[in-house]
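User: I am new to this structure and would like a close look at a single part of it. Please start from one residue and work outward, explaining each term as you go.

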Amino acid sequence: MSASRGGREWQDVDYFSVPMVALNFHVRRRLALYLNPRSVVATDWTGLAEEMGFEYLEIRSYESQENPTGKLLQDWEVKKPSSVGLLLQLLKRIQREDILEDVSPDIGAMPELFDAFICYCQADIGFVHEMISQLEQSSSHLKLCVFDRDVLPGTCVWTIAGELIEKRCRRMVAVISDDYLVSDECDFQTKFALSLCPGARDKRLIPVKYKPIKKEFPSILRHITLCDYTNPSTKSWFWNRLSRALSLP
């Protein structure tokens, strides 16, 4: 999406693919400051609500809220088709260019989103580098979240991993190895990802085996199709198969 902003252009980002959960609290507060006050000279939150597809009685119910804009955004991302790009489009439609001018720099600095979180052990970092080469630095152009590369030191490992898996990564790739099978971090990340998609309905977790393992394959992953790099009969299309799985909507 590219839109005018005071003679400049927003950076070339597809904001229509960015979910509303990526909209941080600072931007939401700025939107509320602009839209909460009822006005006869500029469209307020009620006009935005109409553009979002809310009915008259639904809009009336927000009038009792201390922060109607905040509640509106919260409900919109749950009940209606929504994205950051669509929000920007609706603000432009109601002629609130002043809001776009103010919040667009902060939207451009929103948390980075990824196609997949890579769950791995340090002993398997060599294969992770190969994965980066094959999936990021190729025609696939996927964006992977590799903990040692993309997470700054000093953060709580468990907290940031959970946030990344749930809110900022579309899928998770688990690199299965004997070291993975005895790792507390990998165990937490795998079980957390599975809890977000019971029964693997949305193909959120993709297990990958890149070398033979001596230990028993984890029972919680047996019902999920394995991407097996060790199988000589399928190795030639391994990367293409994994790339297509990560590119699914």
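Analyst: Leaving aside its neighbours within four places in sequence, Ile-107 is in contact with Tyr-15, Leu-23, Val-27, Val-84 and Leu-88, where contact means heavy atoms within 4.5 Å. This is a predicted model, in which local features need pLDDT of at least 70 and side-chain atom pairs count only at pLDDT 80 or more, while totals for chains, interfaces and linings use all residues. Residues are numbered from 1 along each chain as its sequence is written, and side-chain values use heavy atoms, with hydrogens and water left out.

Ile-107 lies in helix H6, helices being DSSP runs of H or I with at least four residues, and strands runs of E with at least two, numbered from the N terminus. At 4% relative accessibility, Ile-107 counts as buried, because buried means under 20% relative accessible area, while exposed means over 50% and partly exposed lies in between, for a 1.4 Å probe and protein chains only. Ser-140 offers a contrast in distance, since Ile-107 and Ser-140 are 33 residues apart in sequence and 26 Å apart in space, C-alpha to C-alpha.

Two of the partners of Ile-107, Val-84 and Leu-88, lead to helix H5, where Val-84, Gly-85, Leu-87, Leu-88, Leu-90 and Leu-91 are buried. An α-helix has 3.6 residues a turn, so residues three or four places apart point the same way. With that in mind, the list for H5 can be read again: Val-84 and Leu-88 are among its buried residues, and so are Leu-87 and Leu-91. The cover over the buried residues of H5 includes helix H1 (25–35), helix H2 (45–52), helix H4 (68–79) and H6, the last being the helix that holds Ile-107.

One of these covering helices also holds an exposed residue: Val-78 is found in helix H4, and its relative accessible area is 68%, so it counts as exposed. Val-78 and Arg-28 are 50 residues apart in sequence, yet 16 Å apart in space when taken from C-alpha to C-alpha.

Between H5 and H6 the chain runs through a loop, with H5 spanning 84–93 and H6 spanning 97–108, and Gln-95 is found in that loop. The phi of Gln-95 is near 65°, which is a positive value in a residue other than glycine. Gln-95 is exposed, with a relative accessible area of 67%. A second residue with a positive phi is His-141, where the value is near 55°, and His-141 lies in the loop between helix H7 (125–135) and strand S4 (144–146). At 63% relative accessibility, His-141 counts as exposed too.

The region described so far can now be placed in the wider model. The protein is divided into domain 1 (15–108) and domain 2 (114–247), with bounds that come from an automatic or database domain assignment. The centres of domain 1 and domain 2, taken over C-alpha atoms, are separated by 36 Å, and the C-alpha trace of the protein spans about 70 × 40 × 35 Å along its principal axes. The protein has 11 helices and 7 strands, and buried residues make up 44% of its 249 residues. Of the contacts in the protein with a separation of 6 or more, 68% are accounted for by residues 24 or more positions apart.

For a buried residue elsewhere in the chain, Thr-190 is a useful one to inspect. Thr-190 is found in helix H10, residues 184–196, and is buried, with a relative accessible area of 2%. Not counting residues up to four places away in sequence, Thr-190 touches Cys-119, Met-172, Tyr-180, Leu-205, Ile-220 and Leu-221.

A last feature concerns aromatic rings, where rings of Phe, Tyr and Trp (its six-membered ring) pair if their centres lie within 6.5 Å, with planes under 30 degrees apart counted as stacked, over 60 as edge-to-face and the rest as tilted. By this rule the count comes to 10 aromatic pairs. Among them, Phe-238 and Trp-239 form an edge-to-face pair, 4.8 Å centre to centre with 85° between the planes. Both rings belong to buried residues, Phe-238 with a relative accessible area of 2% and Trp-239 with one of 12%. Together with Phe-127, Tyr-210 and Tyr-229, Phe-238 and Trp-239 form one aromatic cluster.
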